[in-house]
Amino acid sequence: MADRVDYQGKGLGLVDDKGRVAIPNTLRAMLAKNAPRDDGKDGGTVIIAPHPEHRCLIAYDPGFVPFWKSRLEALDAAQFERTGKVDYNILDRAGGAEPLPFDGSGRFIMPAFERRYARIAGAAVFLGAFNWITIWAPTILLETPDIDPFLKEYVEFTCEEKGIAL
C-alpha cells in the first residue's frame, strides 16, 4: 500500500441509462496512478463494491484488495473470538466486488444491480475517502443520518449548479 496515492477530491458524474458514468477528474487521476493498464494506455481497473455500512458504493484499485482482505479477515477473526461463530457476510459482501475497466476519460459502466442497490439513477456523487472513493445517489446521501453537513451542503450546491432537482 505504500506506493498508492490517497483518494482526495469530490465531484458529480451524470449516469446514462446504460450505467455509463465518468469518474471526476481529480479522483480519476489518482485511480489511474493506482491502477495503470499493463499496456501503458490511459485507463485501468476500478473495483466497485457495496459500502460496509451505508447504502452507497465504494470504488478502489486492485492494489487495495490485499489490504482490505486482511482487514476483513481480522474483523472476521475478532467476530469469531467474541461469539464463536463465523460471519460469512463479512467476506462474502466484499468478495462480490466487481472489477471493471475504465477508459482514459474515466468512463466505466456501473453494473445494474450495484446502481439499484445504491439507488443511483441520473447522477452519482464521488467522494474521496483516502483508501477508496464513495459513490452516492445524491438524495440517499442527503437522507442518511450522521453524514457530515459539509458533504450534504456540497451535494446540494453541486446538484443546484448542474440543474439536478433533489
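Does Phe130, at 45% relative accessibility, count as buried, exposed or partly exposed? In this predicted model, Phe130 belongs to the loop that joins strand 7 to strand 8 (133-136), and with a relative accessibility of 45% the residue counts as partly exposed, because that class covers values between the limit for buried residues, under 20%, and the limit for exposed residues, over 50%. The backbone of Phe130 is also of interest, since its phi is near 70°, a positive value in a residue other than glycine. Most residues other than glycine have a negative phi. A positive phi, again near 70°, is found in Asp146, which is placed in the loop between helix 5 (138-143) and helix 6 (149-162). Asp146 has a relative accessible area of 79% and is therefore classed as exposed.

The interior of the model may be described next. The largest nonpolar core is made up of 35 residues, and those with the most contacts inside it are Phe108, Ile120, Phe126 and Ile135. Strand 7, which covers residues 123-128, gives the most to this core, contributing five residues. Apart from it lies another core, which has 11 residues, including Ala49, Ile90, Ala94 and Trp132.

Two phenylalanines illustrate how separate parts of the sequence are brought into contact. When neighbours within four places in sequence are left aside, Phe108 is in contact with Gly19, Arg20, Val21, Ile23, Val46, Ile48, Leu100, Pro101, Phe102 and Phe126. Phe102, one of these partners of Phe108, lies in strand 5 (residues 98-102) and is buried, with a relative accessible area of 4%. With its own neighbours within four places left aside, Phe102 is in contact with Ile23, Leu31, Ala32, Gly43, Gly44, Thr45, Val46, Arg107 and Phe108. Although Phe102 and Val21 are 81 residues apart along the chain, their C-alpha atoms are separated by 9.6 Å. For Lys33 and Ala118, which are 85 residues apart along the chain, the separation of the C-alpha atoms is 26 Å. Lys33 is found in helix 1 (residues 25-34) and is exposed, with a relative accessible area of 63%.

A buried acidic residue was examined in the same manner. Asp61, which is found in the loop between strand 4 (57-60) and helix 2 (65-83), has a relative accessible area of 0% and is therefore classed as buried. Its side chain makes a polar contact, at 2.5 Å, with the side chain of Tyr7, and a polar atom of the Asp61 side chain lies 3.0 Å from the backbone nitrogen of Gly63. Not counting residues up to four places away in sequence, Asp61 touches Arg4, Tyr7, Leu31, Asn34, Ala35, Thr45 and Ile47.

The packing of two helices completes the description. The axes of helix 2 and helix 3 (residues 88-95) come within 9 Å of one another and cross at roughly 165°. Because angles over 145 degrees count as roughly antiparallel, helix 2 is described as roughly antiparallel to helix 3. The crossing of these two helices is right-handed. On the side of helix 2, the contact is made by Trp68, Leu72, Glu73, Leu75, Asp76 and Gln79, while helix 3 contributes Ile90, Leu91 and Ala94. Ile90 and Ala94 are also among the residues of the core of 11 residues.

How values were computed. Residues numbered from 1 in each chain as written. Predicted model: local features only at pLDDT ≥ 70, side-chain atom pairs only at ≥ 80, totals over all residues. Heavy atoms only, no water. Core = buried A, V, L, I, M, F, W, Y, C linked by side-chain atoms within 4.5 Å. Buried < 20%, exposed > 50% of the residue type's maximum accessible area, 1.4 Å probe, protein only. Helix = DSSP H or I, 4+ residues; strand = E, 2+ residues; numbered from the N terminus. Contact = heavy atoms within 4.5 Å. Polar contact = N/O pair within 3.5 Å; in protein donor to acceptor, adjacent residues only side chain to side chain. Axes fitted to C-alpha atoms, helices over the stretch in contact; angles between N-to-C directions. Parallel < 35°, antiparallel > 145°, perpendicular 65-115°, else oblique. Left-handed = near helix turned anticlockwise from the far one by under 90°.
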